[in-house]
Every structure is written in structure tokens, then in C-alpha cells.
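Q: Please take a close look at a single part of this model and set it in the context of the rest of the chain. A connected account is preferred to a list.

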Amino acid sequence: MRFRAKIVDLACLNHFGRVINTVAKLAKTCTLRLTVGKLYFILSDKVANGGVSMWCELCQPSLSSSSRIVTHDIPVGVIPKRLWNDFREPSVPDFDVSIYLPVLKTMKSVVERMKNLSNSIVIEANLSGEMNLKIETDLVSVTTHFKDLGNPPWASEDGCQSSAQDTNLESMAEACIDIRKLQQLLAGQQVNPTKALCNIVSKRIVHFILLHEDVSLQYFIPALA
């Protein structure tokens, strides 16, 4: 079966191309879900088994103008309706720390240098806006510190928020992850997110969220055993 798509508007085409290129850096194949208002690109590898997971939303652009028309046929496989529940938006984990990320280009440069020294990286952060990237091997130990990043004012479903009374703001939550998977995420960014943050579940998972106008990308990297 083939899937045919038509985009009318050069600006929308360029924007769509940047999103596609970003997704292509993260996965060779993915699931495309279409609704009236949005497109979804989904990678649903089982995080519990060491795979990464991705959820990308893109609001469908207006097709009211007619500056350019591009038609492209892509081979696809249709997912039976009985399996649709396997491709729901992943739930946000009960994280220990949520923090805004530093400038992604800076973070990418740091991770690329560290990748030459180790296959894994430790991400740790606290509720005082501090984050560290660390690698440790038998021969070398390297840490890069980021300060004053800020923490999102996340609220739980019942409206409660973390407070200094309940949490030690200086306490670090950390997870050791595959450095290649982190580098892959940072190297693939072409949408220039206006806001980027990560949630850390200690010793279990790091959940990245990148936001830019009508695009949101969630990326889950499991902690190494």
C-alpha cells in the first residue's frame, strides 16, 4: 500500500521537512498517525527492554494558499484498528526532578566530546536549577556543570506542586544512559525548540521534551542497568 500526501504552501513544506529530518535522525521507521488537526510520529520501542520511545506532534498546517504543490508517494503498512491502543501518547513518568535544558548546541558540543571517552553518561539535576553531565571510566572522570537553568512549575493532577517543605532542593536525581542515544537526539534537532526540558526518574529513565510553536517532541531514554 502507498500513502500519498500533498502540502500546499512553501513555508509549511520547509517546516514539515525540518520536522521529518529531526524524526529521521531518531528512527529509521516510525508510526504515522493522522487526525483532523494533527500529525503524530511515534516510535514505541519498549523502554523496559532498553529501547527508546518517541512521541512527536505536529499541528496540520493550513492549506489555503497555493504557492507550491508537492506530491510524494511513500510505501506504508496499515496498522489494524485492534492494535491502535499500542500507539497511545506515553504517560509522563513520576519524575524526581524536572529541569530546563541548557542551550542545545552547547549541550551537543559537550556530549560529542564526552562520547569519545565513554559509551555512557550520567545526567543529574536538582530543583535548584543545577544539572551535571558526567562520565567516569578507569582512566578519566569528567563533569560539566550547568547552573541557573530553572525548573518548570509542574503541578500534579490534583494541583499540588513540589515545595521546599517536601523536597531537598539541592538533592540530585540521576540516571546513567547510553551516550549515543543522547547524542543522536541532540544532533538531529532542526526545529530549533523554543523550550527544552528533561524529567529524571532516578536510576530508571530520562524523559526529554522539546517544544517549538506547533511542534512538540518527547523522547524517552532508559537508564542502563
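A: **A close look at Ser216 and its surroundings**

Ser216 is found in strand S13, which covers residues 215-222. The model is a predicted one. With a relative accessible area of 18%, Ser216 falls under the 20% limit and therefore counts as buried. Leaving out residues up to four places away in sequence, Ser216 touches Trp55, Cys56, Glu57, Leu210 and Leu211.

One of these contacts, Glu57, leads on to a charged pair. Side chains of opposite charge can pair when their charged atoms come close. Glu57 forms a salt bridge with Lys38, and the closest N and O atoms are 2.9 Å apart. This pair links distant parts of the chain, as Glu57 belongs to strand S4 (residues 53-59) and Lys38 to strand S3 (residues 38-44), 19 residues apart. Glu57 is buried, at a relative accessible area of 12%, whereas Lys38 is partly exposed, at 28%.

The structure holds 4 salt bridges. Another of them joins Glu124 to Lys134, with 3.5 Å between the closest N and O atoms. Glu124 lies in strand S7 (residues 120-125) and Lys134 in strand S8 (residues 131-136), so this salt bridge ties together parts that are 10 residues apart in sequence. Glu124 and Lys134 are both buried. Asp178 forms a salt bridge with Arg180, where the closest N and O atoms are 2.9 Å apart. Asp178 is buried too, with a relative accessible area of 9%.

Next, the nonpolar interior. The largest nonpolar core has 45 residues, and those with the most contacts inside it are Met107, Ile121, Ile123, Met131, Leu133, Leu182 and Phe208. Helix H2 (residues 104-115) supplies the largest share of this core, 5 residues. Leu133 touches Met107, Val110, Val111 and Met114, among others. Its contacts also include Ile121, Val122 and Ile123, as well as Val142, Thr143, Thr144 and Phe146, again not counting residues up to four places away in sequence.

H2 itself has 12 residues and reaches 16 Å from its first C-alpha to its last, close to the 16 Å expected at 1.5 Å a residue. Within H2, the residues Leu104, Met107, Val110, Val111 and Met114 are buried. They cover an arc of only 125° around the axis, which puts them on the same side of H2. Lys105 and Arg113, on the other side of H2, are exposed. The buried residues of H2 pack against strands S7, S8, S9 (141-146), S11 (195-201) and S12 (205-212), and against helix H3 (179-187).

The whole chain gives the wider setting. The secondary structure of the protein comes to 3 helices and 13 strands. Of the 225 residues in the protein, 39% are buried. Among contacts in the protein with a separation of 6 or more, 65% are between residues 24 or more positions apart. The accessible surface of the protein comes to about 13,300 Å², and carbon and sulfur atoms account for 50% of it.

To return to the starting point, Ser216 in strand S13 is a buried residue that touches Glu57, and Glu57 is in turn paired with Lys38 through a salt bridge.

Notes. Residues numbered from 1 in each chain as written. Predicted model: local features only at pLDDT ≥ 70, side-chain atom pairs only at ≥ 80, totals over all residues. Heavy atoms only, no water. Helix = DSSP H or I, 4+ residues; strand = E, 2+ residues; numbered from the N terminus. Buried < 20%, exposed > 50% of the residue type's maximum accessible area, 1.4 Å probe, protein only. Contact = heavy atoms within 4.5 Å. Core = buried A, V, L, I, M, F, W, Y, C linked by side-chain atoms within 4.5 Å. Salt bridge = Lys/Arg side-chain N within 4 Å of Asp/Glu carboxyl O. Expected span 1.5 Å × (residues − 1). Arc of directions from axis to C-beta. Areas by Shrake-Rupley, 256 points an atom, 1.4 Å probe, with all protein chains shown as cover.
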